[in-house]
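Dear colleague,

Please find the structure below, handed over for your own inspection. My account of what was found in it follows directly after.

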Amino acid sequence: MGTVTIGVSIAVPEPHGSLLQERRAGFGDPAAHGIPTHVTLLPPTEVDASALPAVEAHLASVAAAGRPFPMRLSGTGTFRPLSPVVFVQVVAGGAACSWLQERVRDASGPMERELQFPYHPHVTVAHGISEEAMDRAYQELSEYEAEWPCTGFALYEQGSDGIWRKLREFAFGGPVVPPQAPAPAARGTLPAR
């Protein structure tokens, strides 16, 4: 049956997802249109294709134990010089993302793995492009803001063409966890240029 490359992530909803994807493409990142805008819970991981039913059952269990939570993005950050990445920061919802990714990779499930770097929830907006373009991404999105209620996550598979496609969504099983302060309706803004 062979192996497949999978990933688990929280999709950044519309209109935020498309806007950040277009900005990523505009910075010259060739991977922009092959990767839906997301917050990673499980980085690209090779598994035996026959394990997919067990993967889905494990993710359904993780989702059933999860609760919706407020997610907010604000400003930019970078992993340079360690890794050539510029990202939009997760400023609310990070603890919930950390909790989820630990359970997704738990030794009791079929996707146990060590991470190359410590987990840091973020939304990549530039990866592996010129330093000048990375600087531009960092500057131009420095005042970006978006927020929404996160209600689940999804399993993706990378095709032989390098494109990531959603296999299945997993909704959280419990009531909404209220934000610390009242949050306005979902929004996304960029500074005027």
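Of the 193 residues in the chain, 41% are buried, where buried means under 20% relative accessible area, exposed means over 50%, and partly exposed lies in between (1.4 Å probe, protein chains only). The model is a predicted one, in which local features need pLDDT of at least 70 and side-chain atom pairs count only at pLDDT 80 or more, while totals for chains, interfaces and linings use all residues. Residues are numbered from 1 along each chain as its sequence is written, and side-chain values use heavy atoms, with hydrogens and water left out.

Overall arrangement

The chain contains 4 helices and 9 strands, these being DSSP runs numbered from the N terminus (helices H or I, at least four residues; strands E, at least two). Their order along the sequence is β-α-β-α-β-β-α-β-α-β-β-β-β. With a contact defined as heavy atoms within 4.5 Å, 76% of the contacts between residues at least 6 apart in sequence join residues at least 24 apart.

The largest pocket

The largest pocket encloses about 940 Å³ of space. The search ran on a 1 Å grid over the protein atoms alone: a pocket is an open set of points with protein on both sides within 12 Å along at least five of seven lines, a cavity is a set of points where a 1.4 Å probe fits but cannot get out, and lining residues have an atom within 4 Å of a point. Grid points are joined across faces, edges and corners, and a volume is the space filled by probe spheres set on the points.

Thirty residues line this pocket, and Thr40, Pro43, Pro44, His122 and Thr124 lie nearest its centre. Strands β1 (3-11), β2 (38-48) and β5 each supply at least two lining residues; the largest share, 6 residues, comes from β2. By class, the lining of the largest pocket divides into 17 nonpolar, 11 polar and 2 charged residues. Here Ala, Val, Leu, Ile, Met, Phe, Trp, Tyr, Cys and Pro count as nonpolar, Asp, Glu, Lys and Arg as charged, and the others, Gly among them, as polar.

The cavity

There is 1 cavity of 30 Å³ or more, and about 40 Å³ of space lies in the largest cavity. Its lining consists of Leu20, Gln21, Arg24, Ala32, Ile35, Pro36, Thr37, His38, Thr124 and Val125. The elements giving two or more residues to this lining are α1 (16-26) and β5 (122-127), and α1 provides the largest share, 3 residues. The lining of the largest cavity has 5 nonpolar, 4 polar and 1 charged residues. Thr124 appears in the cavity lining and is also among the residues nearest the centre of the largest pocket.

Cysteines

Why does the structure hold 0 disulfides? A disulfide is a pair of cysteine sulfur atoms within 2.5 Å. The sulfur of Cys97 has its closest cysteine sulfur in Cys150, 6.3 Å away, which is too far for a bond. Both side chains belong to buried residues: Cys97 has 0% relative accessibility, and Cys150 has a relative accessible area of 1%.

Aromatic rings

Rings of Phe, Tyr and Trp (its six-membered ring) pair if their centres lie within 6.5 Å; planes under 30 degrees apart count as stacked, over 60 as edge-to-face and the rest as tilted. The count by this rule is 4 aromatic pairs. One of them joins Phe79 and Phe87, a tilted pair with 4.6 Å from centre to centre and 35 degrees between the planes. Phe79 is partly exposed, at 26% relative accessibility, whereas Phe87 is buried, at 4%. Elsewhere, ring pairs link Phe69, Phe153, Phe170 and Phe172 into a cluster.

Prolines

Two cis peptide bonds may be of interest to you. One joins Glu14 and Pro15, with omega about 5 degrees, and Pro15 is placed in the loop between β1 and α1. The other runs from Arg80 to Pro81, with omega near 5 degrees; Pro81 lies in the loop between β3 (69-78) and β4 (85-92). Pro53, by contrast, is located in helix α2 (residues 52-65) and is exposed, with 59% relative accessibility. The C-alpha atoms of Pro53 and Pro110 are separated by 9.9 Å, although the two residues are 57 apart along the chain.

With kind regards
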